[in-house]
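Hi,

Here is the structure I promised to pass on. Have a look at it first, and then read my notes below.

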Amino acid sequence: MASIVDKIKEIEAEMARTQKNKATSFHLGTLKAKLAKLRKELITPQGGSGGGGGVGFDVAKTGVARIGFVGFPSVGKSTLMSKLTGTFSAVAAYEFTTLTTVPGVLQYKGAKIQILDLPDVLKPLTDKKIIETELEGFGIRLNKQPPNIYFKKKEKGGINMTNTVPLTNLDLDQVKAVLSEYRIHNADVNFKCDATVDDLIDVIEGRIYIPAIYVLNKIDQISIEELDLIYKIPHAVPISAHHEWNFDELLDKMWEYLNLIRIYTKPKGQLPDYSAPVVLRQNQRTVEDFCNSIHKGIVKQFKYALVWGSSAKHQPQKVGLNHTLNDEDVVQLVKQ
């Protein structure tokens, strides 16, 4: 019986042989769905005595966000982590492999951010494009927005497909073919973008879309002209981990990509506490989110809040739970 890897190779070979045109789009769409299922099966740990599956990294989460370092051996990941967090992992000036996930905590702008030095699961490679391809194979999408597709399985009624924009890459038959590979025969699918087969598969699979920064280390070993070229690479920050060069730009960029804001608390009759901000995500920053991040029971006792800062129309502004906060706002809660 062919292994999963063999089946993947067979499908990839068939896709490479198949010309891309309107007549073959249905067939290619089905092959892509089969390929996505096999790749997921390959990396999903299997239960029972059969064992198998990939190795997981069970690290208790701390802080308000997580950042993982992924890269080739000997590029300075462990050195960078030890300089940023003070956490030591096996570091040497020769090729090595970090064998376990090493967690550390970075304190930045009053927030605790967990840094993970992930094991080098890849053999030495030649460029960042191969890393991107490897991560794509694990269902991770870097610096991309999720496709605007509404998808919901249902008990009966068949496949109901609608779209609010013209579709140039998909039709109903192709959508049905992809869904049938997942044994989905009843679902509502609404396309709000000109999606591709890959976009549809991403939504079905629940793929992960995350921001990424390319940290280009060892700039102490290159010329000024080469450094100028590096600065033209999107999402990249050049540094020297050994000399701690350009850490300020790296930390600012990390904070920007994490999409976090700081909210300061102000007890009644006291000055704001600027030492320990409540850290919220940009897409979850209402007064209600602020209350819940402190304690889930606060909302039940909430009467109103006083807000100072850029989100307030006047200083202070009396607001309710739905008010949207901005970075470095000050909030005083008034209970019933």
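Below are notes on a pocket, a buried arginine and a helix.

This is a predicted model, in which local features need pLDDT of at least 70 and side-chain atom pairs pLDDT 80 or more, while totals for chains, interfaces and linings use all residues. Residues are numbered from 1 along each chain as its sequence is written, and side-chain values use heavy atoms, without hydrogens and water.

The second largest pocket has a volume of about 570 Å³ (the space filled by probe spheres set on grid points joined across faces, edges and corners). A pocket here is an open set of points on a 1 Å grid over the protein atoms alone, where a 1.4 Å probe fits, with protein on both sides within 12 Å along at least five of seven lines; lining residues have an atom within 4 Å of a point. Of its 22 lining residues, Glu12, Arg39, Thr133, Glu136 and Gly137 are the closest to the centre. Helix H2 (a DSSP run of H or I, at least four residues, numbered from the N terminus) gives the most to this lining, with six residues.

Glu136 also turns up beside Arg141: its backbone oxygen lies 3.0 Å from a polar side-chain atom of Arg141. Arg141 counts as buried because its relative accessibility is 8% (buried means under 20% relative accessible area, with a 1.4 Å probe and protein chains only).

In helix H3 (residues 77-85), Lys77, Ser78, Leu80, Met81, Leu84 and Thr85 are buried. Seen down the axis, these residues fall within an arc of 160° (taken from the directions from the axis to the C-beta atoms), so they line one face of H3.

Best wishes

Conventions
Buried means under 20% relative accessible area, exposed over 50%, partly exposed in between (1.4 Å probe, protein chains only). Helices (H or I, at least four residues) and strands (E, at least two) are DSSP runs, numbered from the N terminus. A polar contact is a pair of N or O atoms within 3.5 Å; within protein, one must be able to donate a hydrogen and the other to accept it, and residues adjacent in sequence count only if both atoms are side-chain atoms.
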